[in-house]
Structures are given as C-alpha cells and as structure tokens.
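This report goes through one protein chain, from its helices and strands to its aromatic rings. The sequence and coordinates are shown first.

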Amino acid sequence: MWIYASDEPGGYRIPDVPEEVSEAAGPEVARTKLWGSEAAHGLCATFLPHLAERDLRVQPDDVEAFATECAVLMVNLAVLSAASGYDEDRIRGYLRNFISAADRAREAGGGVLIW
C-alpha cells in the first residue's frame, strides 16, 4: 500500500514511507475472504471490496470517504472476524494502516494505492 501525490496532469509520484509505518493490507486471500466478503458489503463498504477483483486506487477526492469507510469497518470488527476467520486484532491493524495511509494522502494532497 502506498500513497501517491499528483505532480502534473496524468502523472504522480509516490512519497517515501516513514520507517515506523506499516503498509500491510493482509495476505492475498484477504482480498476475497475479508475485504470482498459479504460482511464487508453488508457494512456498505464500497472501496475495499474492489480488492477482490483488482488493485484499489483511491482518488484524492475520495480519500475522506475511504477513511470513513475504514472507520465504519473498525467498529464492526466482530462482524468481519466472524465472516472471514481473521482475528479482530489483525483486522484492526490492517484498518489502522489504511487510515494512516488516508491521513498521509490528505497531507500530500494525493490518494491511496492498495495492491
């Protein structure tokens, strides 16, 4: 997971990631088992379910909505855990990483890339 900032129309740069920042989004199977699950859809997630089919690029104008989605999922860890089999603490860690990326993207005036 990276953040990106626009340098010019059609171009972007990827800023360095601070050493203390984790970019973990889960193992490959989490794309379908967790982020693309019926539970995530049932919680009205609209960004993260895309990971079940492809990488996710959150546009700068959508970063706030992405962070809100992550916050909604954060208060529903038990639902996501029951559906996916992942431990709540593990899911919480991934969501914290997403929220951290959204915060850094806002500061840079950019978006979030999750692959």
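## Helix α5

The expected span of a helix is 1.5 Å times one less than its number of residues. Helix α5 covers residues 88-108, and for its 21 residues the rise of 1.5 Å a residue gives an expected span of 30 Å. The C-alpha atoms at its two ends are 30 Å apart, so the model agrees with the expectation. The model is a predicted one.

Asp-87 caps the N-terminal end of α5, with a side-chain oxygen 2.8 Å from the backbone nitrogen of Asp-89. Just after the helix, Gly-109 has a positive phi of about 70°. Buried residues in α5 are Ile-91, Tyr-94, Leu-95, Asn-97, Phe-98, Ala-101, Ala-102, Arg-104 and Ala-105. An α-helix has 3.6 residues a turn, so residues three or four places apart point the same way.

## Overall make-up

The protein has five helices and four strands. Read from the N terminus, the order of elements is β-β-α-α-β-α-α-α-β. Of its 115 residues, 40% count as buried. The exposed area is about 6200 Å², and carbon and sulfur atoms supply 49% of it.

Contacts between residues at least 6 apart in sequence include many separations along the chain: 62% of them join residues at least 24 apart.

## Strands β3 and β4

Strand β3 (residues 56-58) and strand β4 run antiparallel and are joined by three bridges. In this pairing Leu-56 stands opposite Ile-114 of β4.

In a regular strand the side chains alternate between the two faces of the sheet. Strand β4 (residues 111-114) is covered on both faces. Gly-111 and Leu-113 are buried on one side, and Val-112 and Ile-114 are buried on the other.

## Arg-31 and Gly-42

Is Arg-31, a residue of helix α1 (residues 30-35), buried or exposed? Its relative accessible area is 13%, and the limit for buried is under 20%, so Arg-31 is buried. The side chain of Arg-31 makes a polar contact with the side chain of Asp-55, at 2.6 Å. Leaving aside residues up to four places away in sequence, Arg-31 touches Gly-36, Leu-51, Ala-52, Arg-54, Asp-55 and Trp-115.

Gly-42 lies in helix α2 (residues 38-42). With a relative accessible area of 59%, Gly-42 is exposed. Its C-alpha atom is separated by 9.7 Å from that of Val-79, a residue 37 places away along the chain.

## Aromatic pairs

The structure holds four aromatic pairs. In one of them, the rings of Trp-35 and Tyr-94 have centres 6.4 Å apart and planes at 70°; planes over 60 degrees apart count as edge-to-face, so this pair is edge-to-face. The pair links distant parts of the chain, with Trp-35 in helix α1 and Tyr-94 in helix α5, 59 residues apart. Both Trp-35 and Tyr-94 are buried.

The rings of Phe-47 and Phe-66 also form an edge-to-face pair, with centres 5.9 Å apart and planes at 90°. This pair, too, links distant parts of the chain: Phe-47 is in the loop between α2 and β3, and Phe-66 is in helix α3 (residues 63-74), 19 residues apart. Phe-47 counts as buried at 14% relative accessibility, and Phe-66 counts as buried at 0%. Ring pairs link Trp-35, Phe-47, Phe-66, Tyr-94 and Phe-98 into a cluster.

Definitions and conventions:
Residues numbered from 1 in each chain as written. Predicted model: local features only at pLDDT ≥ 70, side-chain atom pairs only at ≥ 80, totals over all residues. Heavy atoms only, no water. Buried < 20%, exposed > 50% of the residue type's maximum accessible area, 1.4 Å probe, protein only. Pairing = 2+ DSSP bridges. Polar contact = N/O pair within 3.5 Å; in protein donor to acceptor, adjacent residues only side chain to side chain. Contact = heavy atoms within 4.5 Å. Areas by Shrake-Rupley, 256 points an atom, 1.4 Å probe, with all protein chains shown as cover. Phe/Tyr/Trp six-rings, centres within 6.5 Å; stacked < 30°, edge-to-face > 60°.
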